[in-house]
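Subject: Structure handover

Hi there,

Here is the structure I promised to pass on to you. Please open it beside this email, and the notes below should be easy to follow.

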Amino acid sequence: VDASNLTGNINASQLTGALPAIDGSSLTNLPASGLGVGQTPQTVSRSYAGTSYQNTTGRPIFISAHDGVRNNARMEVSSNNSTWITTGAGDGGSRSTRVALVPNGWYYRYGAVSSTAAFWTEVR
């Protein structure tokens, strides 16, 4: 494509010829920092009574909590530790696992007033 003839939006009729092959062998020293890269699942001790925690790892983390009782508890995340977004909730009739993806710097909590949780795992 001759870029000197292009103005404004490009339409399909202006794209002609084959695209060059991309050789990724020259891509070196790229950061490998995606979710799960260099991170491991860890069993952690957390409060299940609405106590908030902040992700200060410098990377997003994945959290999972399984509740040992039947209730309507929620897993929640917040950018400001004030306004909460529910990522998973029980229905009161079954035991379930609540999960969340927590961006770096965000807060997270298990929104139960009181609960007996069986597992809390974080990929960090």
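What follows is a short tour of what turned up, from the overall fold down to single residues.

**Overall picture**

Please keep in mind that this is a predicted model. The chain has eight strands and zero helices, so the pattern along the sequence reads β-β-β-β-β-β-β-β. Of its 124 residues, 24% are buried.

**The four-stranded sheet**

One open sheet is built from four strands in the order E2-E7-E4-E5, with antiparallel pairing. Its edges are strand E2 (53-54) and E5, each of which pairs on one side only. E5 is joined to E4 by four bridges, in the antiparallel sense. Within that pairing, Glu 76 stands opposite Thr 86 of E5.

Between strand E4 (74-78) and strand E5 (85-89) there is a loop, and Asn 81 is found in it. What is unusual about the backbone there? Asn 81 has a positive phi of about 65 degrees, although it is not a glycine. For context, most residues other than glycine have a negative phi. Asn 81 counts as partly exposed because its relative accessibility is 34%, which falls between the 20% and 50% limits.

**E3 and E6**

Strand E3 (residues 61-67) and E6 run antiparallel and are joined by six bridges. One of the matched pairs is Ile 61 with Val 102, its bridge partner in E6.

Which side chains of E6 point to the buried face? They are Arg 98, Ala 100 and Val 102, while Thr 97, Val 99 and Leu 101 point to the other face and are not buried. That fits the general rule that side chains in a regular strand alternate between the two faces of the sheet.

Two residues from the non-buried face of E6 reappear at the surface: Val 99 and Leu 101, together with Leu 35 and Phe 62, make a nonpolar surface patch of about 320 Å². Val 99 lies in strand E6 (residues 97-102) and is partly exposed, with a relative accessible area of 34%.

Ala 100, from the buried face, has a contact worth a look as well. Thr 87 and Ala 100 are 13 residues apart in sequence, and their C-alpha atoms are 5.8 Å apart in space. Thr 87 lies in strand E5 and counts as partly exposed, at 34% relative accessibility.

**Aromatic rings**

How many aromatic pairs does a search of the whole structure find? The search finds three. One of them is the pair of Tyr 53 and Tyr 108, which is tilted, at 6.0 Å centre to centre and 35 degrees between the planes. This pair links distant parts of the chain, with Tyr 53 in strand E2 and Tyr 108 in strand E7 (residues 107-110), 55 residues apart. Both Tyr 53 and Tyr 108 are buried.

Tyr 108 also pairs with Trp 120: the ring centres are 6.5 Å apart and the planes are at 35 degrees, so this pair is tilted. The link runs from Tyr 108 in strand E7 to Trp 120 in strand E8 (residues 117-123), 12 residues apart. Trp 120 is buried, as is Tyr 108. Ring pairs join Tyr 53, Tyr 108, Tyr 110 and Trp 120 into a cluster.

Two arginines sit over ring faces:

- Arg 46 lies over the face of Tyr 53, at 4.5 Å from the ring centre.
- Arg 109 lies over the face of Trp 84, at 4.0 Å from the ring centre.

**One more tyrosine**

Tyr 48 is found in the loop between strand E1 (41-43) and E2. Is Tyr 48 buried or exposed? Tyr 48 is buried because its relative accessible area is 12%, under the 20% limit. Tyr 48 and Ala 73 are 25 residues apart in sequence and 9.1 Å apart in space, C-alpha to C-alpha.

Where would I begin? I would start with the ring cluster of Tyr 53, Tyr 108, Tyr 110 and Trp 120, and then turn to the loop that holds Asn 81.

Happy browsing, and all the best!

Methods
Residues are numbered from 1 along each chain as its sequence is written. This is a predicted model: local features need pLDDT of at least 70, side-chain atom pairs count only at pLDDT 80 or more; totals for chains, interfaces and linings use all residues. Side-chain values use heavy atoms; hydrogens and water are left out. Helices (H or I, at least four residues) and strands (E, at least two) are DSSP runs, numbered from the N terminus. Buried means under 20% relative accessible area, exposed over 50%, partly exposed in between (1.4 Å probe, protein chains only). Two strands pair if DSSP finds at least two bridges between them. Rings of Phe, Tyr and Trp (its six-membered ring) pair if their centres lie within 6.5 Å; planes under 30 degrees apart count as stacked, over 60 as edge-to-face and the rest as tilted. A charge sits over a ring if NZ of Lys or CZ of Arg is within 6 Å of the ring centre and within 35 degrees of the ring normal. Patches are made of residues with over 30% relative accessible area and no salt bridge: like charges are joined within 9 Å, nonpolar side chains (Val, Leu, Ile, Met, Phe, Trp, Tyr) within 5 Å. Accessible areas come from the Shrake-Rupley method with a 1.4 Å probe; for residues, only the protein chains shown count as cover. A salt bridge is a side-chain nitrogen of Lys or Arg within 4 Å of a carboxyl oxygen of Asp or Glu.
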